[in-house]
Amino acid sequence: MRSIELAFKDIKQILRDKKSLLFLVLMPLVFTLFMGFAYGQMSQPEDPRLAVGWINLDEGGTLSAALRTDLERSEVLRLEETTPEQAGRLVQNGKLAAVLTIPDGFSQKTLDGEVIYLDLLADRATSSGSMAEQAIRAAVVRALSAAETARLAADLIRAGGSAVDAAALRQAAKAASRAWAAPALGFTIEKAQADNQTTAPAGDNPFNQASPGMIVQFAVFGLINSAMLLVLERQNGCLPRLLTTSMSRAEVIAGHLLAMFAVSFLQGLILVLAGQFAFEADYLRQPLATLIVLSALALWAASLGMLIGTLAQGEDQVILYAMAGMFLFSALGGAWFPLEGVGRTFAAIGRWMPSAHAMTGFQNILIRGQGINSVLLPAAVLLAWAAGCFGLAVWRFKKEA
Amino acid sequence: MKILDIALKDLTQSFRSLFAVGMMFAAPLLITGLIYFAFGGLAGGEGGNDLPDLNVAIVNHDRPTGDNPRLGELLVDYLQEDSMPDWLVAREMLDETTARAAVDRREAGVALIVPADFSDALLSADHPASLTLVQDPTLSIGPAVLADLVRLFVDGISGARIASEVISEQAQQAGVAVNSADLQGATAAYAVWYADLQRNLHHSGQPILAVRRPAAGGQASEDPIKTILGATMAGMVIFFNFFTGASAAQSILREQEEGTLARLFTTPVPRALILLGKFSAVFVMVLVQAAVLLAASALIFGINWGRPATVALLAFSLSLASTGFGILLLSGMQSLRQSGPVIGGVISGTGMMGGLFTAGMANLPKAFNTVTLLVPQGWAMRGWKLALAGAAPAEVLLPVLVLAGMGLAFFATGAALFRRRLA
Amino acid sequence: MKTEANAIEVNGLRKNFGKLEAVRGVSFTVQPGEIFSLLGPNGAGKSTTISMLAGLLEPTAGEAAISGYSVRSNPTAAKTALGVVPQDIALYPDLSAYENLMFWGKMYGLRGVELRRRAAEILEMTGLADRQKDRIGTFSGGMKRRVNIGAALLHHPRVVIMDEPTVGIDPQSRRHILDSVKALNRQGMTVLYTTHYMEEAEELSDHIAIMDHGQIIASGTYAELIRLIGEQTRMDLTVNADPDIAVRAWENLPGVSKVSRENGAIQTLVQDSNAALPRLFEAASQAGVRITGVNIREPNLEAVFLHLTGRALRD
């Protein structure tokens, strides 16, 4: 009972501090909005087809014409005429994803068997540059393939005793290019969903990454308030005073843990509801599963807060440890960017992180459309981490007290 | 001289604080290090060599008719070849249900379903062959790379088919009789040429399609990882520079609460000089921080920050801006306890507006870019992106002047407010 | 203005905070080489007066000078002649004792060899030479106070202001501080000492000014102040019932000039204790109250304050 009183005291102190609301609610919401917007725009560019610059110095060339025709059929990019003088600036400014320059004599020299280099101005570090490069490379392969086919045909015809002139060579290349026009392969892409879903998961909603990501990140960051209370209690003499009462150490620890859990859970709940109603992240399709993940996350965050509170010697250290924890767990756990896109070692380490399991739990609900069974393992891992952090915190608390 | 004494005293106190040193130097380097560690596997434009494993469950229903080759089997063999990326692990499964279940259980990232008419469709060109790709909806890179690899395979087959058909057709038109051995020879020659072309495009130092990165002077394309790291580190330098500026300015509040500021005011040193001494310490600290971070990141991560004069200009103007911003921010605070969270919130918020947390992302909408102009961090980010791209000092003059102007304006306002408060 | 004779000269000093008149026209003079105490209860205006002399607050009206230098028109010179020991510890906890002294010395214009020599002297004087490299934050309260005082003496000020330096400290440290003040004074330093402890003012001071509600209500030597209450004797009495009953019964008795209550006891000032005592007993009895204790005290500054204000010094 006294632990509950202690917990209420802690919660009252936290909620009385208006600045707590800044860290607990306002900042995570703003960050969610921002990051969701950023992810969304990144995966769905304003114009689905990338603008690519076209500089053709090979006027009248068969292959360059074929290449142009191929690229104009593309669903990925659209061509825009440009000049060499403008090319660099337009790519740098992002107005063009890339600029392809066909050198003078490209068609004829290629058909003659010479190696002619094409120039592609693109920033591979950007997704648009990378996508443009891939699409252009495939088209260039087809164009060169048409040329090679023409040369092979010409070789065969000459071997049979007939002559092949330049016009015939061009004719053959055109024929090969036309043959490439018919797509050889179609893909049907399905995103896996659980069977008994009544509504389709919004897999393409960028807030399905941003919302749980920020819940996880700020679950750790929000500990600053709770951990600070522990530190201040030690510094202002109230903790020694508490220990002179008949309250046991276990009760003191339980009280503080309960407060931290309550604050963390409440924060998570607000962010889940914001995600549900403001950002269309459908947590409530599986309310019990969401509750399980949220509770496990809050418990881990609370135990981490206890550990920080017992380790930190001053207010500055609380902020330092909380921020370090936030950065580490968020980055390694896939809260900032999906672990799919990172190096193998990083991903392997990340998958042990409690934050990664929290993300998995939430995304199983939001994106994979799965139910309670899918969150049991993530919740178990979170609880194991909570037990570990809590154990360390208790050991430390007893040692100090 | 007394300004120096006061500034030196402040600097001594700051550099003795583990927290301050941690936030000034360790944190930005660590975060960038994390990013480097995370994305180190994405070197190169083809999706990289060190991505996390993508398990592919292949279901091969292909039943070619007549003498048609078993392209479905070839596809399976192709995906299981040693030359495939290490992270691609392809296994055959018995049926579609098993494969889909594997995706649901996250045992496989993608299920690739090869239909019964795959070979026939590919070889006939009457209608396109169709594959079904069932993917884990949280993945995007792996499935996209797999689709590209499959398209490469298919293009190779299609190319050979087209070569065979066109060669035959052209020979016929030229009145030359070709037999199947001739055609096979030509097709084989095509296949060799195709393999050579792929090697040239993906592994040669002089590919036929030469990709150049847009930069001043048209420099050769750089490692994209360095590009991401450069932008990320720039974001970190700017964020922590502003954080340090504000934290350092807190020393005025701290001295006020500890009583040493009042004591300073009882000495013969004029108040204006006392404040100037403290402000100088803030400026020196952020300037030193910027210099150390730039040097350290160049050494550790190999980031090429650009031309020295450009870098120096930007570092100086950034330091002016972060000093002024910090002083202005603290001039409105009444106590240390109040200032801590406000600093965290304001610096994070303005950092976000300035695009510091999305530095490595591309294709952000125009609205974002407009918003960044409202805060000094946005201008700083602009300047550093130009520097990373090799801009000359004249090219960064606008962001430098705006930063310096903002810094001086913030400083003047903040200093005036402090003087009024402490008069 | 510059007058050679006086260490501190205060003339009609006023300070208003909005409508609140914290200091209402205070005037006093401190001679070179004397210890001058400003005595008064909390809120009397002592610290505000000191803050104006130290240059922390701008006076609303009036003039003050330190060693002849006006604090308003020539603050730099005034501050150079002055050393201020704040009531609370005003040192940098993350710097060592030596670093603190070096810094404060520089703020008073000391440099180089002279500064190092003075810092060493102060460390010897405060008995902290062997702890000079340790951070102030690791010092005990008493040690911090010693450095706090030492930092004000580095530049050989002609005048030292000490603002309630013994509040909230243990008796041993308090003793040490009082002895230090006397030692400084023996070396020729003028000391302006503010306190609400009458016994300190009594022990240390050549001259005392009593402040209350922003004004100096009396000033002079100890003997002169005591003579203000004439031959009156102070008697402290305790009763067995509500003291207010006794206060009401005694306040108009002949021969009793002042009656006030301090916590559970009643303080009285009487002309003749032998004559007054029976009357006090009788009046108490008539009021239904029994006197349980009587303490006859020698006249002191508390009695003076009581006489002048009708209140105890430590209300």
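Select Ala322(A) in this predicted model. Setting aside neighbours within four places in sequence, Ala322(A) is in contact with Val220(A), Phe221(A), Leu223(A), Ile224(A), Ala227(A) and Ile308(A). Show these residues together with Ala322(A).

Ala322(A) belongs to the largest nonpolar core, which has 248 residues. Add Leu297(A) and Ile161(C) to the selection: with Ala322(A), they are the residues with the most contacts inside that core. Which helix gives the most to this core? Select H8(B), which supplies 17 residues. In soluble globular proteins, nonpolar side chains tend to be buried together. Apart from the largest core lies another, of 60 residues. To find this other core, pick Val99(A), Ala122(A), Leu169(A) and Ile167(B), which are among its members.

**Between chains A and B**

Next, colour chains A and B separately. Here 87 residues of chain B are in contact with 80 residues of chain A. Several elements of chain B each supply at least two residues to the side that touches chain A, including helix H2 (18–39), helix H7 (180–203) and helix H12 (336–353). The most comes from H6(B), with 17 residues. By class, this side of chain B divides into 53 nonpolar, 22 polar and 12 charged residues.

Now select strand E5 of chain A, residues 185–191, and E4(B). The two strands run parallel and are joined by 7 bridges. Within this pair, look for Phe187(A), which stands opposite Leu131(B).

**Helix H4 of chain B**

Stay on chain B and select helix H4 (96–104), another element that supplies at least two residues to the side touching chain A. Which residues of H4(B) are buried? They are Ala99(B), Arg100(B), Ala102(B), Val103(B) and Asp104(B). To see what these buried residues pack against, show strand E1 (54–60), strand E3 (110–114) and E4 of chain B. Just after H4(B), click on Arg106(B), which takes a positive phi of about 60°.

**Chain C as a whole**

Hide the other chains and look at chain C. Its secondary structure comes to 11 helices and 14 strands, and its C-alpha atoms fill a box of roughly 75 × 45 × 35 Å along the principal axes. Of its 315 residues, 43% count as buried. Colour domain 1 (8–225) and domain 2 (231–298) separately; their C-alpha centres lie 40 Å apart.

**Strand E8 of chain C**

Zoom in on strand E8 of chain C, residues 190–195. Because 6 of its 6 residues are buried, E8(C) is largely enclosed by the rest of the structure. In a regular strand the side chains alternate between the two faces of the sheet. On one side of E8(C) are Thr190(C), Leu192(C) and Thr194(C), and on the other are Val191(C), Tyr193(C) and Thr195(C); all are buried.

Which residue of E8(C) is the bridge partner of Phe36(C)? Select Leu192(C) to find out: it is that partner. Strand E3 of chain C, residues 35–39, pairs with E8(C) in the parallel sense over 5 bridges. Strand E7 of chain C, residues 159–163, also pairs with E8(C) in the parallel sense over 5 bridges. Here Ile161(C) stands opposite Leu192(C). Add helix H6 of chain C, residues 171–186, to see a right-handed β-α-β unit made by E7(C), this helix and E8(C).

**Where chain C meets chain B**

Finally, bring chain B back. 19 residues of chain C are in contact with 17 residues of chain B. Helix H2 (75–80) and helix H3 (97–107) of chain C each supply at least two residues to this side of chain C. By class, the side has 11 nonpolar, 4 polar and 4 charged residues.

Conventions
Residues numbered from 1 in each chain as written. Chains lettered and ligands numbered in written order. Predicted model: local features only at pLDDT ≥ 70, side-chain atom pairs only at ≥ 80, totals over all residues. Helix = DSSP H or I, 4+ residues; strand = E, 2+ residues; numbered from the N terminus. Buried ≥ 20, exposed ≤ 12 C-beta atoms within 10 Å, placed from the backbone. Contact = placed C-beta atoms within 7 Å. Nonpolar A, V, L, I, M, F, W, Y, C, P; charged D, E, K, R; others polar. Domains from an automatic or database assignment. Pairing = 2+ DSSP bridges. Core = buried A, V, L, I, M, F, W, Y, C linked by C-beta atoms within 7 Å. Right-handed = clockwise from strand over helix to strand, strands pointing away.
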